[in-house]
Amino acid sequence: MSTLDSSVGYRASTTLAGHLQRILVDLIALQLNAKQAHWNVVGHNFRDLHLQLDEIVDIARTAGDTIAERMRALDAVPDGRPAIVAGSDQPVLAPGEQDTSATVHAMTEQLRKLAAVVREVHDEVDAEDPSTSDLLHTIITEIEQQAWMMSAENRGA
């Protein structure tokens, strides 16, 4: 359970800190995978996808920083070291050049998986700290919008 300590302030419980750490790691993994895809995507509609991948990198970087700083504000310690991020449950992209269609599929899968993780922990976060859950709302909105926009690339009417 979270505590309020007048000398430190509001402290996240182990559960809240764990949920935020999980989201942080997945956001860093998204950032890295989106940049990897950005560098190696080839094929039809390359330029638009190349630019969208950079948008995703920026969203993931900003959201990750927000989560890590929120953790510090709650007296929890974020861990974004490479070995920790390597343990993420997020998909690993194939190496080398990737066709735009395969890239769209892989990135849509990762965006949807991240949104599902944030939704999965949302209610427990909200029950403990509604202020932090407000941050999760923004992340869900941005990630799901990117998933929709990304998935539309491979769809037909």
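**Exercise 1. A bridge between α1 and α4**

Arg22 is partly exposed, with a relative accessible area of 30%. In this predicted model, determine which residue forms a salt bridge with Arg22 and where the two partners lie.

*Solution.*
Step 1. Side chains of opposite charge can pair when their charged atoms come close.
Step 2. The partner of Arg22 is Glu120, and the closest N and O atoms are 2.9 Å apart. This separation satisfies the cut-off for a salt bridge, which is within 4 Å.
Step 3. The pair links distant parts of the chain: Arg22 belongs to helix α1 (residues 14–40) and Glu120 to helix α4, 98 residues apart.
Step 4. Glu120 counts as exposed because its relative accessibility is 52%, and the cut-off for that class is over 50%.

**Exercise 2. Two further salt bridges**

State how many salt bridges the structure holds, and describe the pairs formed by Arg70 and by Arg119.

*Solution.*
Step 1. The total is 7 salt bridges.
Step 2. Arg70 pairs with Asp129, with 2.9 Å between the closest N and O atoms. Arg70 lies in helix α2 (residues 46–73) and Asp129 in the loop between α4 and α5 (130–152), so this pair ties together parts that are 59 residues apart in sequence.
Step 3. Arg70 is partly exposed at 21% relative accessibility. Asp129, at 6%, counts as buried, because buried means under 20%.
Step 4. Arg119 pairs with Glu144, the closest N and O atoms being 2.7 Å apart. Since Arg119 lies in helix α4 and Glu144 in helix α5, the pair ties together parts 25 residues apart in sequence.
Step 5. Both members of this second pair are partly exposed: Arg119 has a relative accessible area of 48%, and Glu144 has one of 32%.

**Exercise 3. The negative patch**

Identify the residues that form a negative surface patch, and name the element that contributes the largest share.

*Solution.*
Step 1. The patch consists of Asp123, Glu124, Asp126 and Asp134.
Step 2. Helix α4 (residues 100–128) supplies the largest share, with 3 residues. Glu124 is placed in helix α4.
Step 3. A residue of a patch must have over 30% relative accessible area and no salt bridge. Glu124 is partly exposed, with a relative accessible area of 46%, so the accessibility condition is met.

**Exercise 4. Positive phi values**

Examine the backbone angle phi of Asn45 and of Asp75, and locate each residue.

*Solution.*
Step 1. Most residues other than glycine have a negative phi.
Step 2. Asn45 has a positive phi, near 65°, and is not a glycine. Its place is the loop between β3 (41–42) and α2, where Asn45 is partly exposed with a relative accessible area of 25%.
Step 3. Asp75, also not a glycine, has a positive phi of about 60°. Asp75 is in the loop between α2 and α3 (82–85) and is partly exposed, with a relative accessible area of 35%.

**Exercise 5. Separation in sequence and in space**

For each of the pairs Thr132 and Ile67, Lys113 and Pro91, and Val77 and Glu120, give the separation along the chain and between C-alpha atoms.

*Solution.*
Step 1. Thr132 and Ile67 are 65 residues apart along the chain, and their C-alpha atoms are separated by 8.6 Å. Thr132 is in helix α5 and counts as buried at 0% relative accessibility.
Step 2. Lys113 and Pro91 stand 22 residues apart in sequence and 8.8 Å apart in space, C-alpha to C-alpha. Lys113 belongs to helix α4 and is partly exposed at 34% relative accessibility.
Step 3. Val77 and Glu120 are 43 residues apart along the chain, with 21 Å between their C-alpha atoms. Val77 lies in the loop between α2 and α3 and is exposed, with a relative accessible area of 62%.

**Exercise 6. The annotated domain**

Which residues does UniProt assign to the feature "domain: Ferritin/DPS", and what is the helix and strand content of that span?

*Solution.*
Step 1. According to UniProt, in an unreviewed entry, the feature covers residues 19–152.
Step 2. This span is 79% helix and 3% strand.
Step 3. The end C-alpha atoms of residues 19–152 lie 30 Å apart.

Definitions and conventions. Residues numbered from 1 in each chain as written. Predicted model: local features only at pLDDT ≥ 70, side-chain atom pairs only at ≥ 80, totals over all residues. Heavy atoms only, no water. Patch = residues over 30% accessible without salt bridge, like charges linked within 9 Å, V, L, I, M, F, W, Y side chains within 5 Å. Areas by Shrake-Rupley, 256 points an atom, 1.4 Å probe, with all protein chains shown as cover. Salt bridge = Lys/Arg side-chain N within 4 Å of Asp/Glu carboxyl O. Lys, Arg positive; Asp, Glu negative; His and termini not counted. Charge placed at Lys NZ, Arg CZ, Asp CG, Glu CD. Helix = DSSP H or I, 4+ residues; strand = E, 2+ residues; numbered from the N terminus. Buried < 20%, exposed > 50% of the residue type's maximum accessible area, 1.4 Å probe, protein only. UniProt positions renumbered as here; feature names shortened; annotations may be inferred.
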